[in-house]
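I went through one model and kept short notes on what I looked up. The entries follow in the order in which I made them.

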Amino acid sequence: MTTARRLDGYTLDDWESLDPQEGRRIELVDGRFVVNAAPAMRHQRVADRLQTLLDAAVAREGMEALTAIAVRLNRTLGYIPDVVVTSEFIDAGSVDVRDVTLVVEVVSPSTKKNDRLEKPAAFAAAGVERYWRVEMVGVVDPTIYCYELDEGAYSLVATLTSGAAGTVAITSTVSVTFDPADLTRGRR
């Protein structure tokens, strides 16, 4: 057994051939594997509730929202966002970035640099129309920063704060209204 790394870097084919690792998310960044711990319960609850909300909103358009699905950006770059909205029904282990209309990242202490800087830049360069960043680090209730692609970069178009319902576009024809506090509240 060897731990040697391929000199020319790993590819999407290598990444997609990996067996799922319980408790870990493995992404491909510039030809190297980056391993992150699976999200904490609060993080996953927010992602799951957002996915449910978004999926219901886009279903009539033949689109769907998915959690933790692999997104292929280019030959040596593949991310696993917390939530994606796809332009059509996907029945595969991963999705091509050209079929993604919205990416949502829920920021964790260990991923904040990637979620705030690297991923938005990569998704904008790939032409994904919308990127939402859910900030929960060090706060009780989340704040959601909603960006839209504008001349190759993301521009902030809405900030949803807990305690007040806000409306934000998912696509050019579909919007959703919700209070970010509902993403973390108990059910009773």
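**Helix α3 and its end**

I began with helix α3, residues 112–125, which has 14 residues and reaches 19 Å from its first C-alpha to its last, close to the 20 Å expected at 1.5 Å a residue. The model is a predicted one, and I read every entry here with that in mind.

I then looked for a bend in α3. A kink of about 35° lies at E118, and the proline P120 follows shortly after that residue.

Which residues of α3 are buried? I noted N114, D115, K119, P120, A122, F123 and A124.

A125 also belongs to α3. I asked whether A125 is buried or exposed. The relative accessibility of A125 is 68%, and the cut-off for exposed is over 50%, so A125 counts as exposed.

I checked A125 against a residue further along the chain. G152 is 27 residues away in sequence, yet the two C-alpha atoms are separated by 6.2 Å.

Just after α3 I found G127, which has a positive phi of about 90°.

**Positive phi outside glycine**

Next I looked at backbone angles. Most residues other than glycine have a negative phi, so I wrote down exceptions.

A68 is one entry: its phi is near 50°, and the residue is not a glycine. I placed A68 in the loop between β3 (64–67) and β4 (70–74). With a relative accessible area of 36%, A68 is partly exposed.

E151 is another entry, with a positive phi near 55°. E151 sits in the loop that lies between β10 (143–150) and β11 (153–161). I looked up its accessibility as well: E151 is exposed, at a relative accessible area of 81%.

**Strand β8 and its partners**

How many residues of strand β8 are buried? I counted 7 of 7 for this strand, residues 100–106, and recorded it as mostly covered.

I followed the pairing of β8 to strand β6, residues 83–86. The two are antiparallel and share 4 bridges. In this pairing V85 stands opposite L102 of β8.

β8 also pairs with strand β9, residues 130–135. These two run parallel and are joined by 5 bridges. Here I noted E105 opposite R133, the latter in β9.

**The β12–β13 hairpin**

I then turned to strands β12 (residues 166–169) and β13 (residues 175–178). They pair in the antiparallel sense over 4 bridges. The hairpin that joins β12 to β13 does so through 5 residues. For one bridge I wrote down the partners: V168 is matched by V176 in β13.

**R49**

My last entry concerns an arginine in helix α2, residues 41–58, namely R49. Where is the nearest side chain of opposite charge to R49? It belongs to D182 and is 7.5 Å away. A salt bridge has to be within 4 Å, so D182 does not give R49 one. R49 is nevertheless buried.

I looked for another partner of the R49 side chain. I found the backbone oxygen of L183, which the side chain reaches at 3.4 Å. The cut-off for a polar contact is within 3.5 Å, and I logged the 3.4 Å between R49 and L183 against it.

Notes:
Residues numbered from 1 in each chain as written. Predicted model: local features only at pLDDT ≥ 70, side-chain atom pairs only at ≥ 80, totals over all residues. Heavy atoms only, no water. Buried < 20%, exposed > 50% of the residue type's maximum accessible area, 1.4 Å probe, protein only. Lys, Arg positive; Asp, Glu negative; His and termini not counted. Polar contact = N/O pair within 3.5 Å; in protein donor to acceptor, adjacent residues only side chain to side chain. Expected span 1.5 Å × (residues − 1). Bend = angle between axes of the 7 residues up to and from the residue. Pairing = 2+ DSSP bridges.
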